[in-house]
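Biologist: Please take a close look at one part of this model, the second largest pocket, and then follow the helix that lines it to its neighbour.

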Amino acid sequence: MQNVTILSPEVRPERNEAPFKFIDLFAGLGGFHVALARLGGEAVFAAEWDAKLNALYAHNFGLVAAGDVALVDPAAIPAHDVLAAGFPCQPFSKAGEQLGFEHTLQGQLFFHVAAIVKEKRPEVVILENVPNLLRHRNGETFRTIQRTLRELGYDVDARRYSPHQFGIPQIRDRVYIVASRGGLHTFEWPEPSNAQTDIRTVLEERPSEARPIRPAILRTLEMWNDFLESAPPSLKLPSFPIWAMEFGATYPYADETPAALAAELGASGLSSYRGSFGQDLDGLSLVEQMTALPSHARRDQFSFPKWKVDFIAQNRAFYQENADWIDPWLARWRTAELPSSFQKFEWNAQGGPRSIWKYVIQLRASGVRVKRPTTSPSLIAMTESQVPIIGWERRYMTPRECARLQSLESISLPEDRISAYKALGNAVNAEVVRVIATPLLGPLLSRRAVPEVSPTEPLLLAG
C-alpha cells in the first residue's frame, strides 16, 4: 500500500508564485487565511493580539503573526494585493453597549485598517462584521466606513450572508464589505444555494470527548420539556420568546414603568402591583420591590422600547389564556429560583414533535433556544454553557464539530476547550469568505492558473 501524507489545504507543495498576496488582520483562528489560501493566495503578514492564538497561527500556517495591529507601522507591512480583516464586532453588536467608533480600544481599529489601506494600496479589501454594523447609529457608522474607503479610491459594497445559505448547517448572519481599487463593475455577489442543510453532517456519533449536560442545565431543559408536554396538543405554541417571569406579573409597562413610578412615589407607587411570577410587591421596600421585578423591568427607564412592550403584552395574554395548565407547571419546577436567562424560552420548531430532546438547543442570555436539526444556532464567543447541545444525544457539541460549522476543520484548535469554543465563536467562516472572494478576485486569479483546492478535501501527497 502506498503511503500518503495528509496536508491541510493551506499546506501546499512548492509551485510557481502565488496569483496574489494577502494580509490577515485580527486573524484569530485564521478563517480568512484558510479561505484565501484555498484560492492560491500567499499570506505575507498577519496580526493577532491574543498571544496564544498568535502561536497557534504560526503552527497552522507557518507565519509568525504580529501582535496588536494598532502598534504596527503601516509602512513596515509587506506589499500585498488583498487586505482581509474581521475587525472587532463588539462595539457594533446589539448584544453590547454599541459604542461603535466611540469605543476607545476596539471601536477605533477600523481606522488602523484604513491607515494600512492608504499606505499600501491593496487591490482588494474584504471586511467582516456583525450585521448591526449596517444599522449602527442609524447607518452613520457604515457610511463612515464607505466614505473613508471611497476617499482612498475604492468602490465599496456590502451584503449580508449566513453559512446556511451555502450548504453549511449554521445560521450566522454577518455583513461582508468588499472594496476594490479597480472598481466593482464586474463583480457580482454570489447567489445563495439555500439547499437544505442538516447539522448531522458535521457531527460525530457520540464522540468520546463530548461533555454531558451539567445537572443544573439538564434540570432546566427537563423543565421546559415538561412545559412542551403540558401544553394541550391543539394549542399552537407561541412564536414570540416565552418570558415565564411575566406569568402573573401586573407591574405597569406600557404607559409608565416601575422606574418612573418609583421616582415619583417611592415604594408606595408599586405596592398595588405584582412582580415576577405574581409576587406581591405590597409591604416590600423599594429595593426589595425592584429585586422582585423581572430583570428586564428594573432598568432606569421611564419608557420601554416597543419590542419590550410587545413581548410583555404577548406573554401576559398567553398566561391569562392558559393559566389552568401553566400554574401547575410553575408549581412543579419552582421556576422563580432559576437565573433569568433560564426563565426564557424560544421554540423555533413550530409543527414539530414537542420534545426538546429531538432538537438542537442553545442557552443564551436571551433564553433557552430550540432549533430544528436542519441548522445550528450561531456560534458565539461563548462560555461552555452556551455551546450548542445535541438534544438526541444529550451532550454538547465538541470543538472539532464546531470547527466544521466554521469551515475550519482542517486546522489545529486551541488545546484548552474553553479557549477553542471562544476562538471559534469569534472566527470568520472560511467557506463563506471563499465563495465571496472567488468572483471578487477574478482578475488576480487569472494571473496564473492555480488549481483550486476543494474546501472539504485535504491534499494527498504520495509518499
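**The second largest pocket and helix α8**

Modeller: In this predicted model, 15 residues line the second largest pocket, and those nearest its centre are W243, R299, W307, K344 and S366. The volume of this pocket is about 530 Å³. By class, its lining residues comprise 6 nonpolar, 4 polar and 5 charged. Two elements give two or more residues to the lining of this pocket, namely α8 and β9 (344–348). The largest share comes from α8, with 3 residues.

Helix α8 spans residues 306–333, and its axis comes within 10 Å of the axis of helix α5, residues 215–230. The two axes cross at roughly 140 degrees. Angles over 145 degrees count as roughly antiparallel and 65 to 115 as roughly perpendicular, so α5 is oblique to α8. The crossing of α5 and α8 has a right-handed sense. On the α5 side, the contact is made by R219, E222, M223, W224, D226, F227 and S230. On the α8 side, the residues in contact are F318, W325, W329, R332 and W333. Taken by class, the residues of this contact between α5 and α8 are 7 nonpolar, 1 polar and 4 charged.

In short, α8 supplies 3 residues to the lining of the second largest pocket, and α8 also makes a contact with α5 through residues including W325 and W329.

Methods: Residues are numbered from 1 along each chain as its sequence is written. This is a predicted model: local features need pLDDT of at least 70, side-chain atom pairs count only at pLDDT 80 or more; totals for chains, interfaces and linings use all residues. Side-chain values use heavy atoms; hydrogens and water are left out. Axes are lines fitted to C-alpha atoms, for helices over the stretch in contact, and angles run from 0 to 180 degrees between N-to-C directions. Helices (H or I, at least four residues) and strands (E, at least two) are DSSP runs, numbered from the N terminus. Angles under 35 degrees count as roughly parallel, over 145 as roughly antiparallel, 65 to 115 as roughly perpendicular and the rest as oblique. A crossing is left-handed if the near helix is turned anticlockwise from the far one by less than a right angle, and right-handed if clockwise. Contact means heavy atoms within 4.5 Å. Ala, Val, Leu, Ile, Met, Phe, Trp, Tyr, Cys and Pro count as nonpolar, Asp, Glu, Lys and Arg as charged, and the others, Gly among them, as polar. On a 1 Å grid over the protein atoms alone, a cavity is a set of points where a 1.4 Å probe fits but cannot get out, and a pocket is an open set with protein on both sides within 12 Å along at least five of seven lines; lining residues have an atom within 4 Å of a point. Grid points are joined across faces, edges and corners, and a volume is the space filled by probe spheres set on the points.
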